[in-house]
Structures are given as structure tokens and as C-alpha cells.
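Here's a quick tour for anyone meeting this structure for the first time. Take a look at the sequence and the model, then read on.

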Amino acid sequence: MPSPIRGEEVEANPFYHGTLTNILGGAVWGYLQPYLYPAIPASPQPFHMLIRMLIGVGAGVLFSIGILALSLLPSWIFEVFERSVESRFLKDFLYSVCSIVTTTLILTALILSLLLLYGGRIPLPPANYITLHDYLYSLFNTEWSKLSLIPITGASLKFIGRQMKLVLTR
């Protein structure tokens with residue numbers, strides 16, 4: 001796509017880069033669940049490991065809602081970003097982090113809307129409810145360092161894949 005800045009062509013597809021990074025990182029995150037959360041029993045059988053990896057892929061896809069929303073921004077913003085950042089690893093990592101942050105903000109806006117709609121308490125069957133305090137408590141107690149494995153490992157796997165492709169095509 002032509003750029004309004006210098007007339008060069010730049011591939012600026014944040015949804016593709018962010019989603020693929022989140023999916024790869026989510027698969028690794030799902031595989032590592034028994035090591036990240038040892039208090040939760042997990043079977044070491046291959047079928048159960050595959051299920052955990054698929055759940056991690058699902059988490060990666062869910063976190064890609066944010067990059068889908070960001071990709072609705074004008075494309076020149078991403079073209080400028082693509083030109084200003086040299087490292088493809090750093091670009092993938094930043095797209096993934098932006099995706100996770102934006103998804104969290106979108107979910108927070110949805111929760112706040114529901115809280116306003118239901119008068120401060122979202123009813124859950126049979127007799128429980130969620131308040132703003134509950135939601136904020138869960139956000140503050142999320143282990144973000146463990147969740148950060150998604151962009152780190154996803155971007156690393158994409159980097160390794162690109163390097164292997166370069167070696168194999170030579």
C-alpha cells in the first residue's frame with residue numbers, strides 16, 4: 001500500500017502480526033500451565049497437554065480482540081510505526097502487548113456498562129453477583145508477569161520461525 005509519507009510500500013497489518021503472536025504465545029502459555037500454577041492439578045498425558053495448548057490458543061485469540069479494534073485506526077499510523085521500529089521481533093511484541101492492553105480496556109468498558117445497567121451489581125445465577133470492587137480486585141490480582149509470557153514467547157517463536165525460513169531458503 002502506498003504511504004503518504006515517502007511513497008514507499010510498507011506492510012502494515014497489525015491484526016495479522018498481533019493475532020499470530022498471541023496464538024503462538026497462547027499455545028506455549030497453555031502448555032506451561034502446570035508449571036505456572038502448580039497448585040492446580042494437571043495431567044501430564046499428551047491429550048491433556050494438547051487440550052491445554054488449545055485453551056491457550058483460545059486465550060490468544062480472545063486477547064486479539066484488542067488488535068482487531070486497533071486495526072480499525074487509519075493505516076498511516078501503522079505505516080509510521082512499521083518504518084520507525086526496525087526489529088520485527090519488537091514490532092510483533094508491541095502489537096501483542098497493545099492487543100492485550102486494549103482487550104483489557106474493552107472488557108473493562110463492557111463490565112462498567114453492565115454495572116451501570118444493573119445498578120452496580122451484575123447478577124449471576126443462582127444468587128451471586130459481581131461488583132466493581134470484585135472486578136477491580138480480580139484485575140489487580142492477575143499475575144500479569146505470567147500473562148506476559150504470551151507476547152514474549154509468541155514474538156520469540158515468530159523470530160525463530162523467520163530465522164529458520166531464512167536458513168532453509170539459502
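## Leu157 and its helix

Let's start with Leu157, which you'll find in helix α9. Keep in mind that you're looking at a predicted model. Is Leu157 buried, exposed or partly exposed? Its relative accessible area is 36%, so Leu157 counts as partly exposed, given that this class runs between 20% and 50%.

## A nonpolar patch on the surface

Leu157 has company: together with Phe89, Leu90, Phe159, Ile160, Met164, Val167 and Leu168, it makes up a nonpolar patch on the surface. Put together, these residues have about 750 Å² of accessible area.

Which elements give two or more residues to this patch? They are α6, covering 88-117, and α9, covering 149-169. Helix α9 is the top contributor, giving six residues.

## Inside: the nonpolar cores

Now for the interior. The largest nonpolar core is a set of seven residues: Trp29, Leu36, Ala59, Phe63, Ile100, Leu147 and Ile150. Another core, this one with five residues, lies apart from it and includes Ile67, Phe81, Val85 and Tyr95.

## Glu82, a buried acid with a partner

Helix α5 spans residues 75-84, and Glu82 sits in it. With a relative accessible area of just 6%, Glu82 is buried, because the cut-off for that is under 20%.

What does the Glu82 side chain pair up with? It's the side chain of Arg88, and the polar contact between the two is 3.0 Å.

Definitions and conventions
Residues are numbered from 1 along each chain as its sequence is written. This is a predicted model: local features need pLDDT of at least 70, side-chain atom pairs count only at pLDDT 80 or more; totals for chains, interfaces and linings use all residues. Side-chain values use heavy atoms; hydrogens and water are left out. A nonpolar core is a set of buried Ala, Val, Leu, Ile, Met, Phe, Trp, Tyr and Cys residues joined through side-chain atoms within 4.5 Å. Buried means under 20% relative accessible area, exposed over 50%, partly exposed in between (1.4 Å probe, protein chains only). Patches are made of residues with over 30% relative accessible area and no salt bridge: like charges are joined within 9 Å, nonpolar side chains (Val, Leu, Ile, Met, Phe, Trp, Tyr) within 5 Å. Accessible areas come from the Shrake-Rupley method with a 1.4 Å probe; for residues, only the protein chains shown count as cover. A salt bridge is a side-chain nitrogen of Lys or Arg within 4 Å of a carboxyl oxygen of Asp or Glu. Helices (H or I, at least four residues) and strands (E, at least two) are DSSP runs, numbered from the N terminus. A polar contact is a pair of N or O atoms within 3.5 Å; within protein, one must be able to donate a hydrogen and the other to accept it, and residues adjacent in sequence count only if both atoms are side-chain atoms.
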